[in-house]
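Got the viewer open? Here's a short tour, going from the whole chain down to one strand and its neighbours.

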Amino acid sequence: FLGSSRSYKIESERLVSYEAFLTEQGEPTSAADYVINPGNPKENAWEPPFLKPLASAGQPDKSGELAREQMDQKYEKLRLPKSQIKVKYEESSTDRLPLSMPSRKLHTQAIDLLIAENPETPKVELPKTSIKAAQVLERLFKDIAPDLNQLKEAVSRKNDIYPFAWEEGFQLLLPHLSKLRTFSQIAQMHSIAQSALTNQEASFESATLAFKLAEIGDTDILISRLVQMAQLTIALDTLVAAQNYHVWNGAQWAEMQNMLNSFDLIQLMPNSLRAERALGKSSLEPMLSQSWSDAMQTISNLDGSGATQMEGFMKSALDLFGSNFSRALLAKHWRLCQEAYSFMIADLEQAAEASKSQPWKDIQVSWADKNLKQYGLFASMLLPALDKAQSKAVLHQAKLELAKTAIDLERYFLKHQQYPETLDSLVPEFTNSTPQDPLTGTSYLYKRLTQDSFEIYSAGLNGKDEGGRNVKKHRKGEVPPPDDLLWVISKESENIPSYTMN
């Protein structure tokens with residue numbers, strides 16, 4: 001008993017000392033560091049009746065449980081209809097497809113709607129052009145217009161303070177994320193359809209909504225950032241559609257570019273690990289006062305093993321003789337895990353700073369070669385899942401940077417009624433210097449196809465010029481496939497190629 005008590009005292013003091021050191025460095029280490037006063041409810045996006053249920057759904061109490069049960073019904077209209085039909089388009093080259101193909105998404109969605117309404121709809125009655133597909137979806141958008149307007153009103157508010165129950169730690173509920181992603185898809189599809197129908201204001205408003213939805217309700221928690229990246233990819237389709245039809249004016253494109261400038265995913269990644277660390281403390285700190293058996297049950301819940309809790313004499317004996325030893329062990333392992341978080345955060349901050357002057361292909365961070373087990377039980381459970389997060393942030397920020405250059409090209413087109421021969425022509429009227437691919441630090445690969453069409457691509461995470469090719473699937477252990485990011489604007493991209501349906 002003396003040995004176990006002393007072990008627990010020593011390890012508890014070490015843990016407290018290390019956390020005090022982090023606090024002195026200005027590091028957030030607990031849930032309390034993330035709680036924000038919501039301020040004036042009239043200014044908060046999560047107070048209007050339309051989004052209030054989503055805010056309530058994040059609470060662990062009975063009201064939250066009720067809100068989660070009613071959530072799907074509340075937002076049923078803002079969900080795109082899906083059928084059991086899978087549309088496969090015929091491609092001359094499957095590895096050189098543009099990053100965004102909004103016309104096909106519009107066409108596929110129109111088919112989904114028609115088949116969902118009548119599974120016996122013959123293929124000859126399905127839309128054959130983007131405009132026809134947009135017309136099919138008009139009745140859907142008319143039906144959801146009231147909900148869409150309420151959503152726009154809510155996200156336009158100046159404050160965005162979601163009532164996260166931070167004290168729940170890793171059990172924190174984030175039910176709003178999946179709904180926000182669904183809302184992004186609705187805004188995306190509405191904007192694409194309105195571009196096809198050349199409805200300028202409606203197209204621009206919904207595209208703006210799609211990007212605002214990528215900002216609202218987000219937090220530094222890693223899963224929130226990953227959902228945000230997915231939302232931004234969804235929103236980029238609206239830009240390609242608007243370019244294909246030249247439906248927006250120069251001021252609207254400039255406004256959209258300013259909106260893209262507000263995102264800097266690479267700089268956000270260190271704070272994502274800080275938030276994960278704070279969640280970890282909320283989850284693991286109570287274990288330091290638990291009995292041996294309760295602590296082991298908590299660990300099994302964390303790693304998903306779901307071990308059955310002990311009962312009877314064995315449980316009593318282990319609790320009596322082992323609890324202080326288990327508390328000492330867990331205090332030590334959580335301190336070691338926090339030390340691992342610290343060096344990972346330092347790596348990400350160094351990469352974020354390097355991104356301002358170095359090619360991004362050279363700043364990608366991975367800890368796959370690190371022996372995380374040396375940092376204890378919790379590190380080996382929690383940290384491997386963080387390995388690819390920074391590369392995803394780099395990739396999605398590269399997509400945004402490519403989109404910004406595409407916007408400059410569109411602004412040039414609106415003024416000169418043709419795209420430039422080279423990117424140098426954008427200087428100095430539309431940009432201060434020739435746009436560069438941040439992944440390589442060299443100029444983008446750009447080609448004017450005709451006066452009103454072009455292609456431009458980034459070399460991707462591997463930094464190699466692979467002719468605009470991108471192959472998503474490959475077997476583990478194989479050489480990484482081409483991963484260029486290709487952006488194409490042309491009349492042909494509006495057309496619907498031959499397709500089959502299963």
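One cut-off before we start: a residue counts as buried when its relative accessible area is under 20%. Also keep in mind that this is a predicted model.

Start with the whole chain in cartoon view. You should find 14 helices and seven strands. The radius of gyration is 26 Å, close to the 23 Å from the globule rule for 502 residues, so the chain is as compact as a globular protein of that length. Along its principal axes, the C-alpha trace spans about 85 × 50 × 50 Å.

Now colour by burial: 52% of the 502 residues come out buried. Switch on a surface and you're looking at about 23,700 Å² of accessible area, with 51% of that belonging to carbon and sulfur atoms.

Next, select residues 453-458, which is strand β5. How many of its six residues are buried? Six of the six are. Show the side chains and check each face: Ser453, Glu455 and Tyr457 sit on one side, Phe454, Ile456 and Ser458 on the other, and all are buried.

Add residues 445-450, strand β4, which pairs with β5 in the antiparallel sense over five bridges. The link between β4 and β5 is a hairpin through two residues. For a cross-strand pair to label, pick Tyr446, which stands opposite Ile456 in β5.

Last stop: residues 485-489, strand β6, also joined to β5 by five bridges and running antiparallel to β5. Here, label Phe454 and Ile489 in β6, which stand opposite each other.

How values were computed:
Residues numbered from 1 in each chain as written. Predicted model: local features only at pLDDT ≥ 70, side-chain atom pairs only at ≥ 80, totals over all residues. Heavy atoms only, no water. Helix = DSSP H or I, 4+ residues; strand = E, 2+ residues; numbered from the N terminus. Rg over C-alpha atoms; globule rule 2.2 N^0.38 Å. Buried < 20%, exposed > 50% of the residue type's maximum accessible area, 1.4 Å probe, protein only. Areas by Shrake-Rupley, 256 points an atom, 1.4 Å probe, with all protein chains shown as cover. Pairing = 2+ DSSP bridges.
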